[in-house]
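The report below goes through a two-chain model, taking the overall make-up of one chain before the interface, the annotated segments and some single residues. Please read it beside the sequence and the coordinates.

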Amino acid sequence: MRATKRVSSRRSSILLWIVAIGVVLFLIAPVTIVVPVSFNSTRFLEFPPPEWSLRWYREFLDSGGWTASLWRSLIVGFLAAAIATPVGTLAALGLVRGRFRGKQLIRSALMLPLTVPLIVLSIGLYAVYSDLRMIGSVWALALAHATLGLPFVVLVMSGAVQNFDETLERAAWTLGASKLRTFWQITIPSLRPALAASALFAFIMSFDEIVIAVFVSGVHGETLPVRIFSFLQTEISPVIAAVSTLLLLALLSLLLGRGMARVLSARRSAPRATADR
Amino acid sequence: MVRRDEFVLNVELSAEPGEVIVLLGPNGAGKSTLLEVLAGVLRPDTGRISVAGVLLDDTARRLHVDKARRRVGFVVQDYLLFPHMNVVENVAFGLRARGMRREHAQSHAIAWLERMGLEGFERRKPRELSGGQAQRVALARSLIVDPRLLLLDEPLAALDAGSRPKVRAELRRHLESYPGCTIVVTHDPIEAMLLATRVVVLESGEIVQDGTPSELARHPRTEYVARLVGLNLLRGTASGTVVEVGPHAVVAVAREVSGAVYVAFPPHAVTISTDRPVGSARNVWPGRVTDVEAHGDLVRLTIDGTVPMLADVTPVAVADLGLGPGSDVWASVKASEVTVYPA
């Protein structure tokens, strides 16, 4: 009995590995094509590349259009994160700690951007922004993206606020600290890891959002995803592969940076209580 | 007075500077609630609180000094050091909150840490401290702002049993050098006896006993305190050298008293026999053993009868008499072993 069980569990673990590797390959496969193609010397999306070259990277960096749209995406992403993070954090504080009527309603309302189809949202935003003559404005797009990031911030921060020990605030108060001082020096520092995660979420959410951006960014306000999309409609060139590779690199370094920071902070706290008692 | 749903805390207490008052009481007696009211975390429903001549609460005049401006030090069971700050920053926090410049506040904090025997720990984070060290940091953090009143809620409960005696001795030393009044909450009688200059016993929101530790140990006034200090306690009416503690139950005492009194005797003063004894003991009561358990190197019997009591007997006696739950016995106590004091 026991032997067969062990065999079958080994068999199922092998199966698990095969499936897992399959999924990872499926997810990575496009990358393994896109990255080599970006170093292609020809004008076509040829794979494998007949000759290696960095010409498409130069094309990307030299053309004002590409770099401008990259900058715009970065600015919109930063603004969206800068709006969504504080707003979502305050909302989370209110939702977790407050006791008032209609709390559940407000929580559901804050989660709406997750469920409303993007296309519906986009059409609505387009109508409103064109009335306000805000089509193409970086701020208008950032505001729309902040709305999308908000549910994530609220979810992440609600968890963090729930885990935060409120008696720490009480300790600060009884030591003579004002509510404001306590908030900045005790509450916020304790929420810092969650704040960083929320901001990162909100930024990435905005950075690769395209549906709303297509509607709201207008002719002169293209973000990077919009430019890639419209570029692909007229021509196919390895510059797209170069852009994708750069984006991949940027996101990977962002995530790696976060991981590194976590490892470093864990190591800093490692020398524990050596001269104890 | 504080009301909270069914629970009512009704306490009148005044203390002298330098006193260490230990609040003793069973869980839910309102000890921690009392501290929270004093610290200003909870507002009393009716009442007045004044500390060192400063009125902090007076419901009749709708006066309530905010917790941040009371200057009442409050150290709780898990110390609540700020985890993202190092030891010096934690201790300096109160001074910084009062607007003192960083370097100034930190040099004060370092001086306090030295006083607490914590040199070399300045840059440690709270998670790198042992329980006893964390407690001293919390104490320094509260004392540095020169509080009018110091409140300690179960200061030793978070420590492991091994380090408790040492930390308790240190705490006692620090409290002796603090000029203001300290109120310590605990439910550990040893802690109360060692730290207190005065013990206040709180039960279901009321003060039931208030006195020095030795008074408490000799003359308990409630069943709870009697159990803590290890005495059998009875209440009755005395006339002459006899106290009537219940219907058909009298206790003979060694001196003449009258009126309402408490009668106390230790469990080890009880002698157990299976036949009615014929000795000099005047206090002899029939009863039935309901529980038998080990108590140190003796055996503790719970006896139910006209006078319910605890009795400590030797294992030899238990074996010789064949005692067990349900055994009918005679319990006797010498009158000279019985303490009697007015209720």
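Among contacts in chain B between residues at least 6 apart in sequence, what percentage join residues at least 24 apart? The share is 64%, where contact means heavy atoms within 4.5 Å.

This is a predicted model, in which local features need pLDDT of at least 70 and side-chain atom pairs count only at pLDDT 80 or more, whereas totals for chains, interfaces and linings use all residues. Residues are numbered from 1 along each chain as its sequence is written, chains are lettered from A and ligands numbered from 1 in the order in which they are written, and side-chain values use heavy atoms, with hydrogens and water left out.

**Chain B as a whole**

Chain B contains nine helices and 19 strands, these being DSSP runs numbered from the N terminus (helices H or I of at least four residues, strands E of at least two). Along the principal axes, its C-alpha atoms fill a box of roughly 80 × 45 × 35 Å. Of its 343 residues, 52% count as buried, a term that stands for under 20% relative accessible area, with exposed being over 50% and partly exposed in between (1.4 Å probe, protein chains only). The accessible surface of chain B is about 15,900 Å², and carbon and sulfur atoms account for 49% of that surface; the areas come from the Shrake-Rupley method with a 1.4 Å probe, and for residues only the protein chains shown count as cover.

**The interface**

Between chain B and chain A about 2,400 Å² is buried, 58% of it on carbon and sulfur atoms, where buried area is the accessible area (1.4 Å probe) that two parts lose on being put together, summed over both. Lys67(B), Leu80(B) and Phe93(B) supply 22% of the area that chain B buries against chain A, more than any other three residues. In terms of contacts, 31 residues of chain B meet 26 residues of chain A.

**Annotated segments of chain A**

An unreviewed UniProt entry places the feature "domain: ABC transmembrane type-1" at residues 70-257 of chain A. The same kind of record, also unreviewed, gives "transmembrane region" at several stretches of chain A, including residues 70-96 and 236-257; UniProt positions follow the numbering used here, feature names are shortened, and annotations may be inferred rather than shown by experiment.

| Residues of chain A | Helix | Strand | Distance between end C-alpha atoms |
|---|---|---|---|
| 70-257 | 82% | 0% | 21 Å |
| 70-96 | 100% | 0% | 38 Å |
| 236-257 | 86% | 0% | 33 Å |

Thr245(A) is found in helix H11 (residues 239-268) of chain A and, at 10% relative accessibility, counts as buried. Leaving aside neighbours within four places in sequence, Thr245(A) is in contact with Val34(A), Val35(A), Ser38(A) and Tyr57(A).

**Two helices of chain B**

Helix H1 (residues 31-39) of chain B has eight of its nine residues buried, so this helix is largely enclosed by the rest of the structure. Among the buried residues of H1(B) are Lys31(B) and Glu36(B), and just after H1(B), Gly40(B) takes a positive phi of about 85 degrees.

Leu139(B) belongs to helix H4 (residues 131-143) of chain B and is buried, with a relative accessible area of 2%. Residues up to four places away in sequence aside, Leu139(B) touches Val75(B), Met116(B), Leu150(B), Leu152(B), Leu171(B) and His174(B). Leu139(B) and Trp112(B), which are 27 residues apart in sequence, lie 9.8 Å apart in space, C-alpha to C-alpha.
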